[in-house]
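Trainee: I keep meeting labels in structure reports and never know what earns them. Could you go through a few with me?

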Amino acid sequence: MASMEGLVPITRAFLASYYDKYPFAPLSGDVNRLTTEIRSMATDLCKDVSLTEGERLLVHEAECQPPHKIDENMWKNREQLEEIIYLLESSHWPKALQQQSTTEDAELASILGRLKDKFDNALKTLQFFQSKNSEFVFNTVMTYMPQDFRGTLIRQQRERSERNKQAEVDTLVISGGSIRDRYALLWKQQMERRRQLSQLGSATGVYKTLVKYLVGVPQVLLDFIRQINDDHGQKDQITILEEAVDVYTSEFERFIKFMGEVFANSPFFITAEVAGTTEGRKDEDYKETSIPAGRTFEVSFSVESLNSYIAWDFSLLQGKVNLDIGFSVEHTDSLGQKTLILPYRRYESDQGNFCTVMAGHYRLLWDNSYSTFFRKVLRYKVDCIPPVSEPVNSASEVEE
């Protein structure tokens, strides 16, 4: 676990000076010129051709303002790249062009193939960037989290969550969903990841400030970046299209490289002195409590989501004699009905966890009521870790 002693999250004031180290050269002047020319060509084509429903959706997309939040901007670029690549597939060309019966058709087919390759490369660059930074953020969270059962369970939850998300996307594709439908789902899943990461901040013992801060990285760390995805057509038209593709893909890849450098080198924490504050942080780890003879001690959780993990790790501080203590876990539903989750047993120490299959109230109980003379000093840590997977509707749907 990385030490956070004397460190606080970076501030906007610090970022203002940090950005000076990473100047971003202005976009090429060709961007505005080519955007205007392509818009003009598209408008002329729409006047002469009756558009299909799908084409009308694309026109509407081109007329919309591009998103300014960097995360959403990246996903919209990715969706548009896939739409373009789909339309550049030879199977979607006009029949006459597919046959390439003339020299002009063969030349045009060759040009379209090259353009598709450029877009393919840009898409791969973007996908790699997103995947790499997703791992970076998650691993940063884990670096500052205590390396105990919490980290292990969160990793397991995340792996299962990503499998579930991919299965959901695969099902949509198999059922005939469009690229637009798929990206609507992908964006929903992205927001779910952010919500789930934020939820970890409510777990006892988790580094709340760190987790909640990282959830806001796209807004706090990246909001200084300008948006770049300007809206995206016979011989002059193809020439303009080629030039536009060259400018778009080169500028986009330059932007991705720039973003990668900024993100990889940006600090998540700085000293309190640099931040202009003396607010520090204290490690939340094991707690100790004394349980008198004839008494009990409990820790309770109210759980709203299935697939949450309740975990514990405890031991008794030994005296001159060997000591043990009773321990059990029970669940109480909204009607007051109780269910024993972990049967009563005496332990000197124990570490365990279980995945919740019911919402409600969970109670971890340490029992020293059978003792006549000896108090027990309990050293413990417990946690309720929210699900990093989609909630299910019933206990029968919980993944085994």
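Mentor: Sure. Helices (H or I, at least four residues) and strands (E, at least two) are DSSP runs, numbered from the N terminus. By that rule, Leu 58 belongs to helix α3, residues 53-63. Keep in mind that this is a predicted model, where local features need pLDDT of at least 70, side-chain atom pairs need pLDDT 80 or more, and totals for chains, interfaces and linings use all residues. Residues are numbered from 1 along each chain as its sequence is written, and side-chain values use heavy atoms, with hydrogens and water left out.

Trainee: How many helices and strands does the protein chain have?

Mentor: 12 helices and 10 strands.

Trainee: Why is Ser 371 called buried?

Mentor: Buried means under 20% relative accessible area, exposed means over 50%, and partly exposed is in between (1.4 Å probe, protein chains only). Ser 371 has 11%, so it counts as buried. Ser 371 sits in the loop between β9 and β10 (376-385). Contact means heavy atoms within 4.5 Å, and beyond its neighbours within four places in sequence, Ser 371 touches Ala 293, Gly 294 and Lys 376. Across the protein chain, 44% of the 400 residues are buried.

Trainee: Then what makes Leu 58 partly exposed?

Mentor: Its relative accessibility is 32%, so Leu 58 falls in the in-between class. Leu 58 also helps make a nonpolar surface patch of about 260 Å² together with Tyr 86 and Leu 87. Patch members have over 30% relative accessible area and no salt bridge, with like charges joined within 9 Å and nonpolar side chains (Val, Leu, Ile, Met, Phe, Trp, Tyr) within 5 Å.

Trainee: What is odd about the phi of Gln 100?

Mentor: Gln 100 has a positive phi of about 50°, although it isn't a glycine. Most residues other than glycine have a negative phi. Gln 100 lies in the loop between α5 (95-99) and α6, and at 38% relative accessibility it is partly exposed.

Trainee: How do you know that β5 is largely enclosed?

Mentor: Seven of the eight residues of β5 (309-316) are buried, so the rest of the structure largely encloses this strand.

Trainee: Which strands pair with β5?

Mentor: Two strands pair if DSSP finds at least two bridges between them. Seven bridges join β5 to β8 (residues 349-355), antiparallel, with Ala 311 opposite Asn 353. β5 also pairs with β10 over eight bridges, again antiparallel, and there Phe 314 faces Tyr 380.

Trainee: And which strands does β9 join?

Mentor: β9 (residues 360-367) has eight bridges to β4 (residues 296-303), where Glu 298 stands opposite Leu 365. Seven more bridges link β9 to β6 (residues 325-332), with Gly 326 opposite Asp 367. Both pairings are antiparallel.

Trainee: What makes something a nonpolar core?

Mentor: Buried Ala, Val, Leu, Ile, Met, Phe, Trp, Tyr and Cys residues joined through side-chain atoms within 4.5 Å. The largest one here has 29 residues, and Met 74, Leu 81, Phe 119, Phe 252 and Met 259 touch the most other members. Helices α4 (70-88), α6 (103-143) and α11 (235-265) each give it two or more residues. A second, separate core of 21 residues includes Val 303, Trp 312, Phe 327 and Tyr 362.

Notes
Areas by Shrake-Rupley, 256 points an atom, 1.4 Å probe, with all protein chains shown as cover. Salt bridge = Lys/Arg side-chain N within 4 Å of Asp/Glu carboxyl O.
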